[in-house]
Amino acid sequence: MRKIAVYSSVDNSSGFPYNLLDCTGPTLDWRGGRFTRSTTREMIRQLRRWVYTGPMDERMRWDRAADDLYAPPRYAGDDIYYSPWAAGEADLQLLGDLRGRDVLDLGCGGGENSVALARAGAEVTGLDISGRQLARGARLAVQHGVTVQWRCADMHDPTAWPSAAFDLILAAYVLPYSRDPLGLLNLCRAGLRPGGRLVMSLDHPLRACFWDDDEREIVPFPVRNYDATAPQIWRMNDTSVDYRGGTLAEWLALLRAAKLELVDLVEPMPTAAIAAEFWPADSSLAPLAHIPHTLILCAQNGHR
């Protein structure tokens, strides 16, 4: 049987092999240490199209960024986190009772939130384009003794999305990295059951004003226009990714365009511990502890 190389940038030690037999679809489901493989001709055809024409460069960039993103590990599946600059779900209480709910952790990366969601009783799917990061999540799930369905796919590909399958979609720091935010929000709406919610987080637009493009770091005074359109470029492990923050008005307009109803807008202030870590009182960055660095938008699929 013909073999198709899927993870050319992932080493075998990651837990996701270089080659899979010609029997899987555009999304790869990994449960309990075994791949489950669809053998239908349609799924095979979709995989071939995805492998040969898919965004290989994007996948390889996030694979390469994995080592920088998780060295040292910041989270360990102990709580659901929205941002490095804000408290987690244990304090913010935005998601409600997760027991028995079908949840998609969109752009799940190394799976810390996926594992925390599963520990809270949710039925979790973790979707990400990076096989290397999903392998980290799979190992973390084993450590915590929980089951997560890991799906390696381009989140912009409609074939990666089951229709009306989720009660909740968590997208922590995902939309600003999207090459098509409106298209992705439309997929989120289609993936939500009636009344289901999308909870998305990103850097607060105010934070971007303090980003110095030349120095590539946060500075203690605004140097960037609030409505600047040029992306911030994050460099990690000999690669780079674009972060397009946008203004608050732009994100609210995108939600409206996707027919998602805003139900909550949260601007959590940094905790004392976070402020002391990133903007110590005796440093020039201390004033930054007085503004929110995280924006959380909660929107609902109002179609019933």
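Two residues are said to be in contact here when they have heavy atoms within 4.5 Å of each other. With that in hand, let us walk through this predicted model, starting from Leu106. Leaving aside its neighbours within four places in sequence, Leu106 touches Leu127, Met155, Trp161, Ile169, Leu170, Ala171, Val174, Leu184 and Cys188.

Leu106 belongs to the largest nonpolar core, a group of 41 residues. Leu106 is listed there with Trp161, Ile169, Leu198 and Met200 as the residues having the most contacts inside this core. Several elements supply at least two residues each: strands S5 (102–106), S8 (166–172), S9 (192–203) and S15 (294–301), together with helices H6 (181–191), H8 (248–257) and H9 (272–278). Apart from this core lies another, of 27 residues, and among its members are Leu98, Ala122, Ala141 and Leu170. In soluble globular proteins, nonpolar side chains tend to be buried together.

Ala141 leads us on to helix H5, which runs over residues 131–144. H5 has 14 residues and reaches 20 Å from its first C-alpha to its last, close to the 20 Å expected at 1.5 Å a residue. Which residues of H5 are buried? They are Gly131, Gln133, Leu134, Ala135, Gly137, Ala138, Leu140 and Ala141. After H5 comes Gly145, and the phi of Gly145 is positive, near 70°.

Now for the empty spaces. Rolling a probe the size of a water molecule over the atoms shows where such space is left. The structure holds 1 cavity of 30 Å³ or more, and the largest cavity has about 30 Å³ of space. Its lining is made by Asp203, His204, Pro205, Ala208, Gln232, Tyr243, Gly245 and Gly246. By type, that lining divides into 3 nonpolar, 4 polar and 1 charged.

Our last stop is the second largest pocket, with about 340 Å³ of space. How many residues line this pocket? There are 24, and those nearest its centre are Thr229, Arg244, Gly245, Gly246 and Glu250. Gly245 and Gly246 are already familiar, as both also help to line the largest cavity. Helix H7 (205–208) and H8 are the elements that give two or more residues to the lining of the pocket. The largest share, 3 residues, comes from H8, a helix that also supplies at least two residues of the largest nonpolar core. Sorted by type, the residues lining the second largest pocket are 12 nonpolar, 7 polar and 5 charged.

Definitions and conventions:
Residues are numbered from 1 along each chain as its sequence is written. This is a predicted model: local features need pLDDT of at least 70, side-chain atom pairs count only at pLDDT 80 or more; totals for chains, interfaces and linings use all residues. Side-chain values use heavy atoms; hydrogens and water are left out. Helices (H or I, at least four residues) and strands (E, at least two) are DSSP runs, numbered from the N terminus. The expected span of a helix is 1.5 Å times one less than its number of residues. Buried means under 20% relative accessible area, exposed over 50%, partly exposed in between (1.4 Å probe, protein chains only). On a 1 Å grid over the protein atoms alone, a cavity is a set of points where a 1.4 Å probe fits but cannot get out, and a pocket is an open set with protein on both sides within 12 Å along at least five of seven lines; lining residues have an atom within 4 Å of a point. Grid points are joined across faces, edges and corners, and a volume is the space filled by probe spheres set on the points. Ala, Val, Leu, Ile, Met, Phe, Trp, Tyr, Cys and Pro count as nonpolar, Asp, Glu, Lys and Arg as charged, and the others, Gly among them, as polar. A nonpolar core is a set of buried Ala, Val, Leu, Ile, Met, Phe, Trp, Tyr and Cys residues joined through side-chain atoms within 4.5 Å.
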